[in-house]
Amino acid sequence: FHKPDELEMYLGITTKCNLCCDGCSVDIDQTVDERIPTQPKTMEVATLQLLLEETVHSASMEKMEKVRLKWAGGEPLLPDSFRLIMQAKEVIGRLREQYPDIQIGQTIVTNGTFLTEEVVAALSRLDVHVSVSLWGLGEINDKVRGASRTQDKYPNILAGIQRLHEASIDHPKNLTYNINHVIRPDTASHFADFVTALWDTENDKFIGRDWRWEKGKQPIPIGIVFLRPKRTDQIAALQAGGYEQMLNGTRGSFEVMRQMIKKGIPIPPLTKIDMLQLFDLKEYPCGSGTSYIAATPDGRVSSCHDSLLKPDKWIMVKKNGGNLLEQVNTATDSRRYGVSTKFPESLDLAVQYILDTHGGTGCPHVAQLENQSKIGKVASVASALYAPLINDILSLETMRRLRLTEDTNASSLNTKR
């Protein structure tokens with residue numbers, strides 16, 4: 001077992017959101033627990049401070065080297081929750097002094113509709129990575145995310161991404177960003193066009209063609225995520241052809257990437273697709289109880305977002321409560337997940353090993369939903385998407401690295417001449 005060196009705290013600081021994305025992986029505004037008659041919409045400052053302190057303390061007890069704070073919701077850049085993020089700067093600074101051996105990083109997960117000049121200017125004063133969700137180009141994005149107001153639609157999001165991009169040039173030590181894209185069955189056939197628009201710097205459809213660049217146009221980083229089902233009807237739809245649509249759409253985008261490599265465009269490496277990380281040892285998906293804590297605005301914590309909605313699967317954070325990660329895992333019994341990971345018998349043993357050690361077991365909650373609450377079996381995404389894509393990813397990455405080596409050698413030769 002490879003012990004992780006980073007503890008991730010998912011801070012669901014608000015349940016408010018201006019969009020209604022069909023397929024959002026987090027929906028903490030609907031509770032089935034009668035012990036929670038009402039829920040606060042935005043986290044209190046005192047609750048946030050307590051969560052930050054206990055998280056970093058827990059990482060110290062686990063002898064971890066890093067803490068990743070992921071600001072999310074809801075929409076974390078709504079005015080009330082964004083003020084909370086800015087107020088946390090002082091607490092995080094103090095914790096960095098108190099725990100000098102622990103690196104504290106921050107990521108904000110946003111729908112991109114509030115990236116105004118004022119917000120981006122404030123972000124550039126933080127040490128933060130911003131992940132902007134964009135589920136398609138133009139009307140495709142607006143339709144699947146329920147955007148009706150002008151502020152919520154694609155043109156405003158794109159303008160905000162440009163502001164973010166140009167601010168990252170001016171403040172490279174404080175601000176980085178990427179685009180996060182969810183591949184769905186009904187939009188998968190358009191994913192190749194999406195990749196072209198974000199990576200093909202020589203194409204007229206490249207979204208950054210009129211942006212300011214420091215050293216020439218570069219592909220815009222993309223985080224690739226597959227639609228994560230939360231209901232049995234969604235699972236049935238995926239297994240009845242949805243997975244195949246997403247597989248075909250992903251492979252179609254790979255062909256576009258190959259053409260870019262041939263043209264000499266320096267596309268980013270495919271180090272991670274959804275939970276699958278073929279080039280890193282990743283034995284512990286979120287929800288498996290090794291390095292992940294999720295929190296709600298009222299201070300409930302668990303090892304999984306979905307466990308926050310279930311009776312007896314969460315605890316309340318407490319002052320000086322000891323090792324928060326260990327307490328969360330005890331409450332949710334989450335570490336049982338990795339005891340007996342079971343893949344379909346039809347899957348090659350070598351492929352099973354690759355998936356098992358590189359994050360390829362999928363979401364534990366989805367697996368339990370598919371397998372009548374049984375712990376240990378993997379989600380069907382492993383055999384339907386991850387396994388078929390292994391050779392494609394390795395082939396594409398080999399091609400990318402060979403081209404990079406060729407270009408580097410040619411550049412070195414020209415320099416010598």
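Author: Two strands pair if DSSP finds at least two bridges between them. Strands (E, at least two residues) and helices (H or I, at least four) are DSSP runs, numbered from the N terminus. This is a predicted model, so local features need pLDDT of at least 70 and side-chain atom pairs count only at pLDDT 80 or more, while totals for chains, interfaces and linings use all residues. Residues are numbered from 1 along each chain as its sequence is written, and side-chain values use heavy atoms, with hydrogens and water left out.

Reader: What makes β3 and β4 a pair?

Author: The bridge count. Strand β3 (residues 103-110) and strand β4 (residues 128-133) share 4 bridges and run parallel. The rule asks for at least two, so they pair. V109 stands opposite S131 in β4.

Reader: Which helix packs on the sheet, touching β2 and β3?

Author: Helix α2 (residues 79-98). Contact means heavy atoms within 4.5 Å. The direction of α2 makes about 165 degrees with that of β3. Axes are lines fitted to C-alpha atoms, for helices over the stretch in contact, and angles run from 0 to 180 degrees between N-to-C directions.

Reader: Why are β6 and β9 called edge strands?

Author: Each pairs on one side only. The open sheet has 9 strands, in the order β6-β5-β4-β3-β2-β1-β7-β8-β9, with mixed pairing.

Reader: Why does C17 form no disulfide with C21?

Author: A disulfide is a pair of cysteine sulfur atoms within 2.5 Å. The closest cysteine sulfur to that of C17 is in C21, 6.0 Å away, so it is too far for a bond. The disulfide count is 0.

Reader: Why is C363 called buried, but C17 partly exposed?

Author: Buried means under 20% relative accessible area, exposed over 50%, and partly exposed in between (1.4 Å probe, protein chains only). C363 has 8%, so it is buried. C17 has 39%, so it is partly exposed.

Reader: What makes I354 partly exposed?

Author: Its 28% falls in that middle range, so the label fits. I354 is found in helix α9 (residues 349-356). Beyond neighbours within four places in sequence, I354 is in contact with L278 and I390.

Reader: How many cavities of 30 Å³ or more are there?

Author: There are 3. A cavity is a set of points, on a 1 Å grid over the protein atoms alone, where a 1.4 Å probe fits but cannot get out. The largest cavity holds about 100 Å³, a volume being the space filled by probe spheres set on the points. It has 13 lining residues, each with an atom within 4 Å of a point. Closest to its centre are L227, R228, P229, D274 and V381.

Methods: On a 1 Å grid over the protein atoms alone, a cavity is a set of points where a 1.4 Å probe fits but cannot get out, and a pocket is an open set with protein on both sides within 12 Å along at least five of seven lines; lining residues have an atom within 4 Å of a point.
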